Amino acid sequence: MRGGHPAPIPGRRGAVPGRTYRDAMPKPKAMRHHLVDSRLGRSGDDPIFALNHEANARLAAGEDVLNATLGALLDDDGRLAILPTAARAVSEVGPQDWAAYAPIGGLAPFLQAVIADVFVDIPELADQAIAVASPGGSGALRHAIATFLEPGQALLTTDFFWGPYQTLADENERRVRTFTMFASKDSLDLAALDAAMQTSIAEQGRVLLILNDPCHNPSGYSMSSADWDGVVEIVTRHASSAPVTVVLDNAYAAYGPPDAMATAMRSLAALAGHALVLIAWSASKSFTHYGLRVGALVALAPDADERAAIEAALTYACRGTWSNCNRGGMVAVTRLLTDPELRKAVDSEREELIRLLGDRVDVFNDVAGAAGLAYPRYAGGFFTTVFAEDAARSARRMRDEGVYVVPIRGALRLGICALRAADIPRAVETMARALG
Ligand SMILES: Cc1ncc(COP(=O)(O)O)c(C=O)c1O
């Protein structure tokens with residue numbers, strides 16, 4: 001009842017005049033809540049989206065603002081860069097495919113096309129892989145976390161990591177453990193990885209290691225072949241004493257340095273039979289269709305029985321989370337991956353975007369080097385991070401000068417993907433001042 005006089009409870013013998021429905025209901029206890037305890041206090045605000053919103057509001061008010069917060073590739077006019085052939089493939093999907101359900105685990109031609117794409121440099125291993133469709137790489141990561149860790153157990157990743165790993169872990173009642181990412185600006189801290197794997201095995205008897213490569217978000221780092229050799233040695237050693245699963249999150253695969261994916265996949269292939277290898281595959285960035293929500297989790301498991309069990313568990317997980325994925329999106333991406341003409345066109349259009357991004361990376365390296373900023377080796381990709389002692393304070397100072405970056409623990413993330421090459425010197429100079 002809203003406002004006005006309280007209504008007496010009608011039709012009840014002995015009803016007390018003046019008593020209301022509300023009076024008759026059990027009194028809420030001070031702390032009683034419909035949300036279960038584990039979901040109380042969760043923030044619905046994504047801090048990156050909030051900063052983006054603020055930057056855009058200032059831009060709309062006519063201020064000269066640089067917004068380097070969001071993770072989507074913009075062209076030099078500040079519009080989302082879209083591969084025309086990918087957009088055409090999406091627009092050519094018929095209503096039957098947009099309207100109909102897809103099989104729970106995904107359309108078979110889509111899954112085959114994704115597996116062929118992942119194993120392009122080692123096609124002989126494609127027969128040992130299975131895949132299920134997921135809404136983007138995020139869905140693939142969700143399945144990896146929920147299927148290869150028990151509730152309460154912790155995934156392992158680098159101490160700089162994409163924030164949603166934590167959200168995915170929280171949402172699925174898992175935790176995040178990190179190891180120090182860098183031994184130097186040019187190398188992973190392999191000793192830290194080794195020790196952290198040891199701790200995970202001692203505490204929970206298994207490891208789920210997530211590596212985001214190439215073009216790590218947020219640091220921009222792409223692993224060298226020496227890094228990969230070290231990872232293979234350490235993982236193989238630990239995999240002899242406990243189940244170890246390695247997830248390659250290669251959301252930015254298309255934008256990495258030449259051969260980065262070939263190096264990663266050959267290294268992961270060397271793990272097959274020791275560790276379980278998973279690839280969280282995403283069409284979001286590689287086909288510039290972030291909102292299409294097309295992705296897949298690929299598992300490389302040489303043992304046929306284990307492979308079948310994993311495929312069944314992942315298909316069950318699909319049914320138990322999103323039921324099935326966007327059929328129209330899968331149809332479009334399958335054509336882009338398998339139709340020779342479309343593939344050629346989309347690959348050459350993507351080359352243009354890689355060049356656009358590459359020019360920005362070069363400008364950044366020149367001016368940031370000259371300004372003496374400290375950051376990991378940056379050879380390509382959407383982001384870089386500059387190490388910062390008090391990142392929150394530095395980001396605030398930058399905002400005062402109209403430049404928006406994302407403060408993370410120990411660093412400032414700069415979305416090169418969202419800046420014109422001509423704007424990068426201003427962003428770097430502002431950052432250098434803010435760090436001083
Ligand atoms: C590191 C990383 N992994 C995975 C993803 C997955 O994105 P999506 O779910 O759109 O494929 C992203 C997107 O920003 C990312 O930055």
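Which residues in α13 meet Ile 424, Pro 425 and Val 428 in α15? Let's take that as the way into this predicted model.

## Helices α13 and α15

On the α13 side, the residues are Arg 360, Val 363, Phe 364, Val 367 and Ala 368, and they meet Ile 424, Pro 425 and Val 428 in α15. Sorted by character, the residues of this contact comprise 7 nonpolar, no polar and 1 charged.

As for geometry, α13 packs with helix α15 (residues 424-435) at an angle of about 35°, and their axes are 9 Å apart. The crossing of α13 and α15 is right-handed.

## Two domains and where they touch

The domain assignment splits the protein into domain 1, made of 47-73 + 343-435, and domain 2, covering 84-338. Between the C-alpha centres of domain 1 and domain 2 there is a distance of 26 Å. At the contact, 24 residues of domain 1 face 24 residues of domain 2.

Which elements give two or more residues to the side of domain 1 that touches domain 2? They are α13 (340-370), β11 (383-387) and β14 (411-415). Here we meet α13 again: with 7 residues, α13 gives the most to that side of domain 1. The residues on the side of domain 1 that touches domain 2 divide into 14 nonpolar, 5 polar and 5 charged.

## Helices α3 and α12

Let's move on to another helix pair. Helix α3 (residues 84-91) packs with helix α12 (residues 327-338) at an angle of about 135°, and their axes lie 8 Å apart. Angles over 145 degrees would count as roughly antiparallel, so α3 is oblique to α12. The crossing of α3 and α12 is right-handed.

Looking at the side chains by name, Ala 86, Ala 89 and Val 90 in α3 meet Ala 332, Arg 335 and Leu 336 in α12. This contact of α3 with α12 has 5 nonpolar residues, no polar ones and 1 charged.

## Around the ligand

How many residues are around the ligand, and which come nearest? There are 13 residues around the ligand, and Gly 136, Gly 137, Ser 138, Ser 282 and Ser 284 come nearest. Helix α6 (residues 136-148) supplies the largest share of this shell, with 3 residues.

In character, the shell around the ligand divides into 3 nonpolar, 9 polar and 1 charged. For the contact of α13 with α15, by way of reminder, the division is 7 nonpolar, no polar and 1 charged.

Conventions: Residues are numbered from 1 along each chain as its sequence is written. This is a predicted model: local features need pLDDT of at least 70, side-chain atom pairs count only at pLDDT 80 or more; totals for chains, interfaces and linings use all residues. Axes are lines fitted to C-alpha atoms, for helices over the stretch in contact, and angles run from 0 to 180 degrees between N-to-C directions. Helices (H or I, at least four residues) and strands (E, at least two) are DSSP runs, numbered from the N terminus. Angles under 35 degrees count as roughly parallel, over 145 as roughly antiparallel, 65 to 115 as roughly perpendicular and the rest as oblique. A crossing is left-handed if the near helix is turned anticlockwise from the far one by less than a right angle, and right-handed if clockwise. Two residues are in contact if their C-beta atoms, placed from the backbone, lie within 7 Å. Ala, Val, Leu, Ile, Met, Phe, Trp, Tyr, Cys and Pro count as nonpolar, Asp, Glu, Lys and Arg as charged, and the others, Gly among them, as polar. A residue is near a molecule or strand if its C-beta atom, placed from the backbone, lies within 6 Å of it. Domain bounds come from an automatic or database domain assignment.
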